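Hi everyone, thanks for coming. I'd like to walk you through one model today, so please have a look at the screen.

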Amino acid sequence: MKILTAPRMERCIGCHSCSLACARLVHHHLSWNTAGIRIASSGGLSTGFEARTCLACDPAPCAAACPTGAYSQRRGGGVVVRKNLCIRCGECAAACPVDAVYLAADGDPFVCIHCGRCVPFCPHDCLEHTNLPGPGPAGDPATGGQP
Amino acid sequence: MIRDHFRVMRVDLATGRGEIQTVDGRDLYAGGSGLAALLFSRSAQPGKAWDDPDQPLIFAIGPLTGLFPLMSKTVCAFKSPYHDQYAESHAGGRSALALRFADLDALVLTGKAPTLSCLSIGSRHMELRDVHFMRGFDIHATGKLLRRMFSGAGHRSILRIGPAGEALSAMACVIVDTYRHFGRLGAGAVMGAKNLKGIAIQGDGSFLLPEGKDYPKLFQDVYGLLTGTEMMHKYHNLGTAENVVVLNELKALPFRNLQKTSDPAAVEISGEKFAEKTLLRNAACAGCPVGCIHLGFVREKFMEPNQYLYRQVSYDHEPIFAVGCMLAVTDPFAALDIMEEADKVGLDVMSAGVALAWATEASEKGIVSAAETIVPLRFGDAAAFQKALWHLARGDNEFYRLLASGTLPAARRFGGEDFACVLGQEMAGYATGEVFFISQALGLRHSHLDAGGYSFDQKHTDPDVAKAVEFLVADESSRCFLTAMVSCLFARGVYTEARLAECLKAVGYSKLAENIQAVSRRIQTERWRLRFATGYDPDRVEVPRRFSEVVTWKGPIDLAYLQSLKSEYGRRIRALAAEAEQEQETKPQIQKKEESERESR
């Protein structure tokens, strides 16, 4: 199964088109927060941007932490989300080691479902919807593990 | 978020208390420029000075902000320290989306904070915090500290002023998110007068989108036009800096304080040269996939042996014109150094560059000396200009204090009015001819963006006053609607009136969609009414002699045409203001009708 990676974030111009697309198309929201991919500058705009998104853990600590089965392990990495089972306890966000789960004000969690719908909205080809990279040279975890 | 009224946060900086207000008028004033004018007319004191604590500082966005790409500007309205009249300034960056996600159509600031302060707002918080320790900080140091003090990296916007704003310079800008500016007409001084060093806007709200298929489909169409066609190629490629060579070849590039309109050395600071030598990367306003912000780099050897630091500086045609062409600085790195210094001190780079160009020619002619300029000024001497910018920002002596209030006041005191390159305010980077000169000199914002006069000059050779003025009035009207939507004007080819109507309809603003022309006209006339109410008189606008000495590709300026244009455009502007005066008389009835409609809902 394919996962979303962000292997070329050094090209990012900070337009937020990816997160706006995720919020719009996946969650039917207007937001740059309630999205599976969120863009942030790290220490001001002069330092460039990073993508906060699910790195497709397998096993996924957020799924392990979820007490109601709303988050379950996705084949190929990441999680399958069943919103109707969610009690908004926030354990998934607390368990995520890379801050990839966004909790809305009412506790509703938002995480990437690796659908790839954000990818065509990136004007600089920063993102990829691809099969999980195999063994190879170690890469930056923020880039989806790619060298 | 999509509503038939405006949701406005009003903050009294004297008490630190805020209030959320519901303001009617969505279908009449739309948002952006229209909303700013509406809020100014309701809260400003036309007879009081610009720095009176009662005067409002307004930031407004539009109904499509966030919902469609490139609806990414914020309109700032205030009474200007430059002319003590109504003024508007526009900036990109993240402030528009941050305001949208803070669930505000506008922010209105009144009063004066008791100490130097920073305002932080979001969808669920409002706080005024003392930052007296930041007095005198440049905009980079200010930005770094504010980022540390307030949370929300990436999804907030930080507006701040530098020493120029604190010194109440009429050329002080407000820097937005490091690389964008509310540049012209002194918004930075208005923040300074309110003891407001910064504003942090946290965009932390989320909203449900309209139901149905129309909106997502239309979004896709618009996005496709903006990214999949050649329509935005110029801005994505070299950016507006592309204009340098084009204007130079046309003999329409103001050079060396407009002593010339072209120079062989201009190619050294062309968009092509900037890209080849200095371009580090591009950046974008939030919600814009075009990415027209061009960041160049400069490095500085600050210590032996081989100890360097580097900086990133945003450049465009206008800064290149102002501190490159006008000051005859033809090395791109040297020009970036001057732009960086203007940013640091919080001066509008266009106004400051043109003011220093006058001061340099005045120095050459012996009208002023180092006794006034402190540092000797010579065309091409970038290091001197960098030092002079600090003197100008702080107003270090009478000369710089006057110059910071405008080049013409300084020229009136010291001499050299003939060669002050002022068209309402310090000129923009086009010497295309009579129509542009009058468009900027009389235009509401005294900006090349008020109407496409520079384009009209290039397309028409016959001196047809009626046709030219009709174009200026009609073009201003259509731009009023775009700036009410807070569209980036680069997207005006995509956001035609028909497409804007579709966009508005798709998200539920059907009444606005059906009345675009009437709303445009109302905004246009209301803005002129406010300008006249605060003291504007087009007959008193001077066009210094230097502009009549210009020679373009069409030949020498036609003085009779220039004067006829000024007189006729002034007459039309008066008529526009009078039209709004008449509407004001019938306004109470409209308001009463709206109120009764709202009560019955």
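I'll go through chain A, then where the two chains meet, and then some parts of chain B.

A quick word on the ground rules. This is a predicted model, so local features need pLDDT of at least 70, side-chain atom pairs count only at pLDDT 80 or more, and totals for chains, interfaces and linings use all residues. Residues are numbered from 1 along each chain as its sequence is written, while chains are lettered from A and ligands numbered from 1 in the order in which they are written.

Okay, chain A. Here we have three helices and nine strands. When I say helix or strand, I mean DSSP runs numbered from the N terminus: H or I with at least four residues for helices, E with at least two for strands. Going along the sequence, the pattern in chain A reads β-α-β-β-β-α-β-β-α-β-β-β.

How much of chain A is buried? Of its 147 residues, 48% are buried. Buried means that 20 or more other C-beta atoms lie within 10 Å of the residue's own; exposed means 12 or fewer, partly exposed is in between, and the C-beta atoms are placed from the backbone. Now for contacts: two residues are in contact if their C-beta atoms, placed from the backbone, lie within 7 Å. Take the contacts in chain A with a separation of 6 or more: 56% of them are between residues 24 or more positions apart.

Let's pick one residue. S42(A) sits in the loop between strand 3 (37-41) and strand 4 (49-53) of chain A. Is S42(A) buried or exposed? It counts as exposed, because it has 12 C-beta neighbours inside 10 Å. And S31(A), eleven residues away along the chain, has its C-alpha atom 20 Å from that of S42(A).

Next, where the chains meet. On the chain B side 32 residues are in contact with 27 residues of chain A. Helix 3 (95-101), helix 4 (139-149), strand 13 (207-208), helix 7 (214-228) and strand 14 of chain B each put in at least two residues. The largest share, three residues, is from helix 4 of chain B. By class, this side of chain B has 15 nonpolar, twelve polar and five charged residues. For the record, Ala, Val, Leu, Ile, Met, Phe, Trp, Tyr, Cys and Pro count as nonpolar, Asp, Glu, Lys and Arg as charged, and the others, Gly among them, as polar.

There's strand pairing across the chains too. Strand 2 (residues 29-30) of chain A and strand 13 of chain B run antiparallel, joined by two bridges. Two strands pair if DSSP finds at least two bridges between them. In this pairing, H29(A) has L208(B) as its bridge partner.

Over to a sheet in chain B. It's an open sheet of three strands, in the order 14-15-16, with antiparallel pairing. Why does one side of strand 14 (279-283) and of strand 16 (307-315) have no neighbour in the sheet? Both stand at the edges with a single partner strand each, so one side is left free of a neighbour. Strand 14 and strand 15 (residues 293-303) of chain B are joined by four bridges, and L279(B) stands opposite G296(B) there.

Now helix 21 (residues 497-506) of chain B. Its buried residues include L500(B), C503(B), L504(B) and A506(B). They lie on the same side of the helix, because they cover an arc of only 165 degrees around the axis; that arc is taken from the directions from the helix axis to the C-beta atoms. As background, an α-helix has 3.6 residues a turn, so residues three or four places apart point the same way. Among the elements covering these buried residues are helix 7 and helix 20 (465-484) of chain B. After helix 21 comes G508(B), with a positive phi near 105 degrees.

One more residue: A170(B), in the loop between helix 5 (163-166) and strand 10 (174-176) of chain B. This loop residue is buried, because 23 other C-beta atoms lie within 10 Å. Leaving out residues up to four places away in sequence, A170(B) touches several others, including P81(B), Y82(B) and A404(B).

Last, the domains. An automatic or database domain assignment sets the bounds, and for chain B it gives domain 1 (6-202), domain 2 (238-397) and domain 3 (426-600). The centres of domain 2 and domain 3 of chain B, taken over C-alpha atoms, are 29 Å apart.
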